[in-house]
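Colleague: I am new to this structure. Could you walk me through the terms used for it?

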Number of protein chains: 2
Amino acid sequence: MSKALVILSGGQDSTTCAAIACQQFDEVCAITFDYGQRHSIEIESAKDVGFRLGIKQHEFIDIPHILVGSSPLISSTRLGQYDSAEKLPTGVEPTFVYGRNLLFLILAANRAAAWGVTDIFTGLSGEDFGGYPDCRDVFVEAMQLALNQGFYGTPNGFTIHTPLMYLTKASSVKLAVDVLGDRFNEIFSLTHTCYAGVKGGCGKCHACILRDRGFTEAGIKDPIWSFRV
Amino acid sequence: MSKALVILSGGQDSTTCAAIACQQFDEVCAITFDYGQRHSIEIESAKDVGFRLGIKQHEFIDIPHILVGSSPLISSTRLGQYDSAEKLPTGVEPTFVYGRNLLFLILAANRAAAWGVTDIFTGLSGEDFGGYPDCRDVFVEAMQLALNQGFYGTPNGFTIHTPLMYLTKASSVKLAVDVLGDRFNEIFSLTHTCYAGVKGGCGKCHACILRDRGFTEAGIKDPIWSFRV
């Protein structure tokens with residue numbers, strides 16, 4: 001029986017990844033991280049999405065205050081607000097937390113090793129992710145090698161699947177519709193992306209701006225818009 | 001002013017590394033991890049060693065229950081006892097914690113980035129370290145690349161220094177004597193290596209066996225032997 005592990009944040013990308021993993025593997029387990037982010041609504045989303053996708057083994061890992069930095073996601077720094085995608089700053093987005101995705105991948109590999117799983121899915125995408133260096137393919141490749149050398153002493157072992165790596169947000173929305181079919185609205189209404197922790201999205205933060213643009217460009221109505229005031 | 005960060009466990013290898021870093025850099029800061037290991041005496045050793053070496057910025061990072069596994073270092077599995085170095089099992093030692101050194105290096109890089117440091121020292125040694133795959137040079141190289149790609153988006157940035165990588169325990173003892181000079185006995189009497197958490201060393205665990213053999217082969221008396229009953 002084939003088995004995969006997915007890093008499930010409850011956002012649109014990790015939810016799409018989890019759905020893809022469920023298609024490709026007999027059994028999928030999930031982990032979700034609570035690293036002191038402002039929006040605990042994300043944790044609830046992950047729980048609901050995992051349940052609806054039929055994921056039975058789902059661990060929530062509490063990692064408080066392990067990473068330091070000035071990102072507004074883990075500190076009191078003010079969160080940026082933007083009018084449109086064109087107004088987003090270039091370069092590395094201020095929400096970047098040094099080492100966050102590296103830490104997530106190590107913990108995923110630690111649980112995968114404990115559970116006898118070698119296929120790890122993550123929704124990382126290098127296309128439109130605010131300039132985060134740890135969302136790019138070249139990073140994932142380097143990390144996969146470091147994990148395999150560190151865990152197994154060979155270049156092989158874990159495979160990190162990043163099915164959204166080269167997709168625009170619009171393409172990944174279309175992919176989610178393809179994979180989820182008539183469950184798309186039900187599942188995606190449970191997802192949460194907004195950095196400000198607003199149900200349905202604030203529509204002004206970096207994450208909302210990109211999600212909104214993706215759905216608009218794909219010509220698909222985002223089910224979370226119905227919650228927006 | 002040049003500045004380096006050292007991962008200081010309070011053991012003989014990280015203490016030697018810290019001493020080397022203090023020789024080569026104007027200022028050295030340190031981090032020590034408490035990851036639920038059995039021997040909290042290690043934490044006290046790190047504190048004492050850091051103080052005596054003149055390290056002013058020293059952070060103790062508590063990371064409870066973040067890694068799972070069956071290693072006796074973090075679980076109730078029975079710790080192996082051995083009569084001599086010849087009796088040590090081959091292959092990966094049962095004290096191996098999947099992902100431990102990867103996690104340590106990420107947290108070191110996170111603090112280094114926050115403190116404006118790019119030179120990181122660790123006492124990892126591939127020579128006689130019980131078959132841990134994450135103590136080998138090829139792993140450190142892969143990890144350095146993953147850190148730089150993940151933090152800075154380029155192959156360069158952090159340099160991970162592993163001055164003990166290709167030294168036998170005997171050679172690293174001689175190196176410590178060279179570097180510390182007449183402070184060797186004072187500083188090394190504060191170090192702790194024993195997995196069983198026995199002050200002065202139980203003399204029977206994997207770590208004690210290797211430390212004892214190193215000192216014996218180097219023809220140097222280990223100052224902690226005076227504590228042994």
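The talk below takes up the terms one by one.

Modeller: This is a predicted model, where local features need pLDDT of at least 70, side-chain atom pairs count only at pLDDT 80 or more, and totals for chains, interfaces and linings use all residues. Residues are numbered from 1 along each chain as its sequence is written, while chains are lettered from A and ligands numbered from 1 in the order in which they are written.

Colleague: What makes the relation of chain A to chain B that of a two-fold axis?

Modeller: Copies are superposed by least squares on the C-alpha atoms of residues with pLDDT of at least 70 in both. Here a rotation of 180° with 0.0 Å of shift along its axis puts chain A on chain B, at RMSD 0.0 Å. That is why we speak of a two-fold axis. The same surface serves both copies, as 100% of the contact residues of chain A recur in chain B.

Colleague: How many residues does the contact take from each chain?

Modeller: It takes 30 residues from chain A and 30 residues from chain B. Residues are in contact if their C-beta atoms, placed from the backbone, lie within 7 Å. On the chain A side, H3(A) gives the most, with ten residues. By class, that side has 21 nonpolar, seven polar and two charged residues. Nonpolar means Ala, Val, Leu, Ile, Met, Phe, Trp, Tyr, Cys and Pro; charged means Asp, Glu, Lys and Arg; the others, Gly among them, are polar.

Colleague: Why is H5(A) called roughly perpendicular to H7(A)?

Modeller: The axes of helix H5 (residues 169-180) and helix H7 (residues 206-218) of chain A come within 7 Å and cross at roughly 65°. Roughly perpendicular covers 65 to 115 degrees; under 35 is roughly parallel, over 145 roughly antiparallel, and the rest oblique. So H5(A) counts as roughly perpendicular to H7(A). Their crossing is right-handed, meaning that the near helix is turned clockwise from the far one by less than a right angle. The residues of this contact divide into five nonpolar, two polar and five charged.

Colleague: How do you know that strands E1 and E2 of chain B pair?

Modeller: Pairing needs at least two bridges found by DSSP. Strand E1 (residues 3-7) and strand E2 (residues 27-34) of chain B have five, in the parallel sense. B:Ile7 stands opposite B:Ile31 in E2(B).

Colleague: What makes E3 and E5 of chain B edge strands?

Modeller: Each pairs on one side only. The open sheet has the order E3-E2-E1-E4-E5 in chain B.

Key: Axes are lines fitted to C-alpha atoms, for helices over the stretch in contact, and angles run from 0 to 180 degrees between N-to-C directions. Helices (H or I, at least four residues) and strands (E, at least two) are DSSP runs, numbered from the N terminus. Two residues are in contact if their C-beta atoms, placed from the backbone, lie within 7 Å.
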